[in-house]
Amino acid sequence: GDCWPPPATNANIEMRDDGINIKKGTFGGGSGGTAVLDDTDFSVNTILKQLESIQQGTPKNIVILGTRHCSLLHQQIIELLSYALVLSDNHLFTSGATGTHAAAIRGALRANNQDLLTVILPQTIQRQPREIRELLGQVHNIIELGHSELPLDAASRICNSELLAKGDQLIVFAFHDSKTLRETIEEAKALSLLVTVLFLD
């Protein structure tokens, strides 16, 4: 039979009722819906194994939002996370732009279930960087809000609110000084969404 607790590994991802914890070290311990991402000694293979074990609970509408400025390792983690979430029949909602959102889209597309991926853009596909336009060409469910007359940060706030309205749970990859994302986190809490914040700094 399976041994429990499982042997210690370099990194674990654990589905909890209050979100997802990514933490260094062994299973057990840890608390709350806010996790801190420590990128030292992360093993992508270990994370992949843990992600593939996400098979519990009823499917949810999960919003992934985050910074454009991610290391390759963080992008791989986000991609694996979104892949596993869609494989587990969760509906993934995200936005455009490079970094977190592009990684979430790539992971969801790898899971080969287009019905479970929705991308909401603050402006239009044409306003996206070329590499993102190519990625979005593979996505079936795209909503363009068309706020091209607004500054991007204002358009992004409106877009984030639209995303939250569709979600049960929010997962955010952010830096501590990410003002727009921190406002979105507070808005999600006010809407009683499950919120998990993974700080990259």
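A salt bridge here means a side-chain nitrogen of Lys or Arg within 4 Å of a carboxyl oxygen of Asp or Glu. With that in hand, Arg130 and Glu134 make one, their closest N and O atoms sitting 3.2 Å apart. Keep in mind that this is a predicted model. The protein averages a pLDDT of 79, and 72% of the residues score at least 70. Residues 1-43 are the part to read with care: pLDDT is below 50 there, though the stretch has 89 contacts in the model beyond near neighbours in sequence.

**Salt bridges**

- Searching the whole structure turns up 7 salt bridges.
- Arg130 and its partner Glu134 both belong to helix H4, which covers residues 130-136. They are 4 residues apart, or about one turn of the helix.
- Arg130 itself is exposed, with a relative accessible area of 57%, and that clears the over 50% cut-off for the label.
- Asp153 and Arg157 also pair up, at 3.8 Å from N to O. The spacing is again 4 residues, this time in helix H5 (residues 152-166), so about one helical turn separates Asp153 from Arg157.
- Both ends of that pair are partly exposed: Asp153 has a relative accessible area of 42%, and Arg157 comes in at 27%.

**The network around Arg157**

- Arg157 has another salt-bridge partner in Glu183, with an N to O distance of 2.6 Å.
- What does the Arg157 and Glu183 pair tie together? Arg157 lies in helix H5 and Glu183 in helix H6 (residues 179-190), so the pair links parts that are 26 residues apart in sequence.
- Glu183 is partly exposed too, at 33% relative accessible area.
- Salt bridges with shared partners join Asp153, Arg157, Lys179 and Glu183 into one network.

**Helix H2**

- H2 takes in residues 72-87, which makes 16 residues. From its first C-alpha to its last, H2 reaches 22 Å, close to the 22 Å expected at 1.5 Å a residue.
- H2 is mostly covered, with 12 of its 16 residues buried.
- Among the buried residues are aliphatic ones such as Ile77, Ile78, Leu80, Leu81, Leu85 and Val86. The buried set also includes His74, Gln75, Glu79 and Ser82.
- Tyr83 is another buried residue of H2, and Arg110 lies over the face of the Tyr83 ring, at 4.4 Å from the ring centre.
- As for ring-to-ring pairs, a search of the whole structure finds 0 aromatic pairs.

**Just past H2**

- Asp89 follows H2 and has a positive phi, near 70°.
- Asn90 lies in the loop between H2 and strand S5 (91-94).
- Is Asn90 buried or exposed? Asn90 counts as buried because its relative accessible area is 7%, below the 20% cut-off.
- Which residues does Asn90 touch, leaving aside neighbours within four places in sequence? Asn90 is in contact with Thr58, Pro59, Lys60, Ile62, Leu85 and Leu116.
- Lys60, one of those contacts, is 30 residues away from Asn90 in sequence, yet the two are 5.0 Å apart in space, C-alpha to C-alpha.
- Leu85, also on the contact list, is one of the buried residues of H2.

Technical notes:
Residues numbered from 1 in each chain as written. Predicted model: local features only at pLDDT ≥ 70, side-chain atom pairs only at ≥ 80, totals over all residues. Heavy atoms only, no water. pLDDT = per-residue confidence, 0-100. Contact = heavy atoms within 4.5 Å. Helix = DSSP H or I, 4+ residues; strand = E, 2+ residues; numbered from the N terminus. Buried < 20%, exposed > 50% of the residue type's maximum accessible area, 1.4 Å probe, protein only. Expected span 1.5 Å × (residues − 1). Phe/Tyr/Trp six-rings, centres within 6.5 Å; stacked < 30°, edge-to-face > 60°. Lys NZ or Arg CZ within 6 Å of the ring centre and 35° of its normal.
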